[in-house]
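Work through the exercises below with the model open. Each task is followed by a stepwise solution.

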Amino acid sequence: YRGNEAADDMPDVDAAPTFPPADSTYGNRAKVEDGAYIQMEDGHDFNQPRHSHYAQSIASSVMTAEGLADPKGFWIICSVVLIGDMNRGVLFPIMWPLVQELGGNSVWLGYAVGAFSFGRIIASPSLGKWSIEKGYSKTLVTSTTIMLVGCILFAQVYRVGSLIFLVVCQVILGVGSATLGVTRAYVAEITATRQRTTYIAALTAVQYGGFTVTPIFGSLFSYLLEDKRYEVGFFVFDQYSAAAYFMASLCVISLFLLLTGFQARYRAKPKAKGKKSSRGMERDEVANRATWCGITVYNAALIGCMLLNVSTKGSIGSFETMGISFAQSHFDLQPAVAGLIVSICGMVGVASLLSMGFIGKFLTDIQMVIGGIAVCAIGIISFATLKSVEVGAENSIVHYIIGIFMIYGIGYPIGHTAVIGLFSKVVGRRPQGTLQGWFASAGSLARILFPIMSGYIVQYDDITTVFVVLFVVLVISNIFVAMSARTLTALSQ
């Protein structure tokens with residue numbers, strides 16, 4: 001911001017276009033003034049005056065310039081997010097065959113998929129709070145270590161031969177990858193508000209690629225090791241364990257990057273708030289209004305964004321659960337082929353996410369939410385009239401590709417990412433770790449409830465009923481966004 005323009009609750013910064021600003025306490029050579037309050041990641045306070053003391057910071061003073069305050073840290077964060085969701089993606093093509101091998105049905109598949117998100121939902125708030133109290137480094141190293149243990153245990157599932165053990169392993173993997181709130185809070189703290197959706201979109205592109213593009217690896221393991229088994233000492237490699245060992249090796253790489261390249265961050269106490277701009281006062285006036293249910297408009301907006309996260313994440317979670325079995329029952333596709341189609345459409349979705357900055361020049365966050373959800377809903381409802389191949393139906397694979405393309409290539413990536421960016425902007429200058437943790441937990445809750453719901457519907461009715469339910473949920477979500485557009489726009493400025 002230049003001249004007399006000022007951002008809400010933001011300390012004064014130098015007018016130069018460099019990033020970080022000249023008076024920011026962020027950066028390798030950012031000097032902390034004598035007597036400044038510094039809190040290190042291990043929680044120790046250093047209140048004694050020091051001369052020529054240099055420290056890195058992610059204080060709110062970096063929020064007004066262009067670019068990233070910590071490019072290296074951003075890329076390491078991306079690697080953590082990628083590996084976390086690759087645990088979901090790589091295992092996607094083998095999950096249904098594995099459940100069948102263990103004697104399970106569609107209900108057990110729902111529990112197995114939901115268990116991953118259950119692990120996330122119980123760990124996300126705590127990890128988000130811990131990132132504020134203990135720092136990002138300790139939080140991410142701990143979670144990645146848990147994820148490594150989960151991968152090693154998952155590799156033993158087929159050998160153990162227990163569906164309950166599969167569910168337990170999925171919970172552990174979910175706990176280890178429950179850092180979406182932490183990573184989003186980190187990106188929110190090192191980016192300017194007006195560019196936040198772009199960088200959140202880049203982070204989401206990595207996450208999205210993790211669970212939509214990487215099924216191609218699971219398909220490859222399934223194809224190469226089908227009905228094959230190799231023993232190397234304690235280790236047994238088959239189409240199920242090979243994918244888990246592959247993920248374990250990536251966890252080791254991620255730990256190496258965190259321990260060697262992700263330097264401990266310092267947190268500087270923010271400067272005293274200056275006089276708010278007229279726009280800031282208008283925002284506060286809107287945020288503090290009481291709603292009909294007794295909570296403030298601000299809190300209602302946060303809850304609304306979390307519910308949008310539930311509807312979008314839940315819809316994609318149902319496809320994650322039933323996608324392979326649906327491809328088999330209605331299009332007679334093998335798991336490897338279905339996984340390949342999802343991967344290709346996921347690549348298109350990554351391209352869509354990387355184009356969010358360009359799309360944002362023409363559309364607002366609200367418009368992207370409504371448009372993305374609408375495309376996703378159309379793709380879902382297009383499957384509702386199909387009959388199973390068991391009754392003689394001959395459904396075109398082109399229909400499957402187009403529907404998956406609308407869901408995975410355009411609708412979900414754009415709509416859901418816009419929801420994430422909108423939530424971050426509504427939160428504003430407050431510490432985002434805990435709130436982003438709750439936001440991530442809301443999405444994980446959806447990935448528990450929707451897959452289990454889908455499993456029971458398929459078991460006792462038909463999968464096409466699932467598509468009708470998802471369509472109705474998404475339509476209601478869009479109605480909420482349209483009715484709240486003016487308020488959400490005001491709070492996200």
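**Exercise 1. Place tyrosine 460 and state which surface patch it belongs to.**

Step 1. Tyrosine 460 sits in helix α17. Helices are DSSP runs of H or I with at least four residues, strands are E runs of at least two, and both are numbered from the N terminus.

Step 2. Its relative accessible area is 67%, so tyrosine 460 is exposed. The classes are buried (under 20%), exposed (over 50%) and partly exposed in between, with a 1.4 Å probe and protein chains only.

Step 3. Tyr460 joins Trp108, Tyr111, Ile164, Val168 and Tyr456 in a nonpolar surface patch with about 630 Å² of accessible area together. Helices α3 (106–133), α6 (163–176) and α17 (433–460) each give two or more residues to the patch. Patch members have over 30% relative accessible area and no salt bridge; nonpolar side chains (Val, Leu, Ile, Met, Phe, Trp, Tyr) are joined within 5 Å, like charges within 9 Å. Areas come from the Shrake-Rupley method with a 1.4 Å probe, and for residues only the protein chains shown count as cover.

**Exercise 2. Decide how far to trust the model, using pLDDT.**

Step 1. This is a predicted model: local features need pLDDT of at least 70 and side-chain atom pairs 80 or more, while totals for chains, interfaces and linings use all residues. Residues are numbered from 1 along each chain as its sequence is written, and side-chain values use heavy atoms, leaving out hydrogens and water.

Step 2. The chain averages a pLDDT of 77, and 79% of the residues score at least 70. pLDDT is the predictor's confidence in each residue, from 0 to 100.

Step 3. Among the elements, strand β1 (residues 38–40) has the lowest mean pLDDT, 34, and α6 the highest, 93. Residues 1–65 have pLDDT below 50, yet this stretch has 140 contacts in the model beyond near neighbours in sequence. Contact means heavy atoms within 4.5 Å. Where pLDDT is low, the predicted coordinates should not be read in detail.

**Exercise 3. Describe the largest nonpolar core and the surroundings of phenylalanine 319.**

Step 1. The largest core has 126 residues. A core is a set of buried Ala, Val, Leu, Ile, Met, Phe, Trp, Tyr and Cys residues joined through side-chain atoms within 4.5 Å.

Step 2. Helix α12 (residues 297–331) supplies its largest share, 14 residues.

Step 3. Phe319 is one of the residues with the most contacts inside the core. Leaving out residues up to four places away in sequence, its partners include Phe92, Phe383, Tyr408 and Leu470.

Step 4. Serine 318 also lies in α12. Its relative accessibility is 3%, so serine 318 is buried.

**Exercise 4. Which salt bridges join aspartate 85 and aspartate 365 to partners?**

Step 1. Apply the rule: a side-chain nitrogen of Lys or Arg within 4 Å of a carboxyl oxygen of Asp or Glu. The count is four salt bridges.

Step 2. Aspartate 85 pairs with arginine 120 at 3.0 Å, N to O. Aspartate 85 is in helix α1 (residues 71–89) and arginine 120 in α3, so the pair ties together parts 35 residues apart in sequence. Relative accessible area is 1% for aspartate 85 and 2% for arginine 120; aspartate 85 is buried, and arginine 120 is buried.

Step 3. Asp85, Arg88 and Arg120 are linked in a salt-bridge network.

Step 4. Aspartate 365 pairs with lysine 425, at 3.0 Å, N to O. Helix α15 (residues 365–381) holds aspartate 365 and helix α16 (residues 397–427) holds lysine 425, so parts 60 residues apart in sequence are tied together. Aspartate 365 and lysine 425 are buried.
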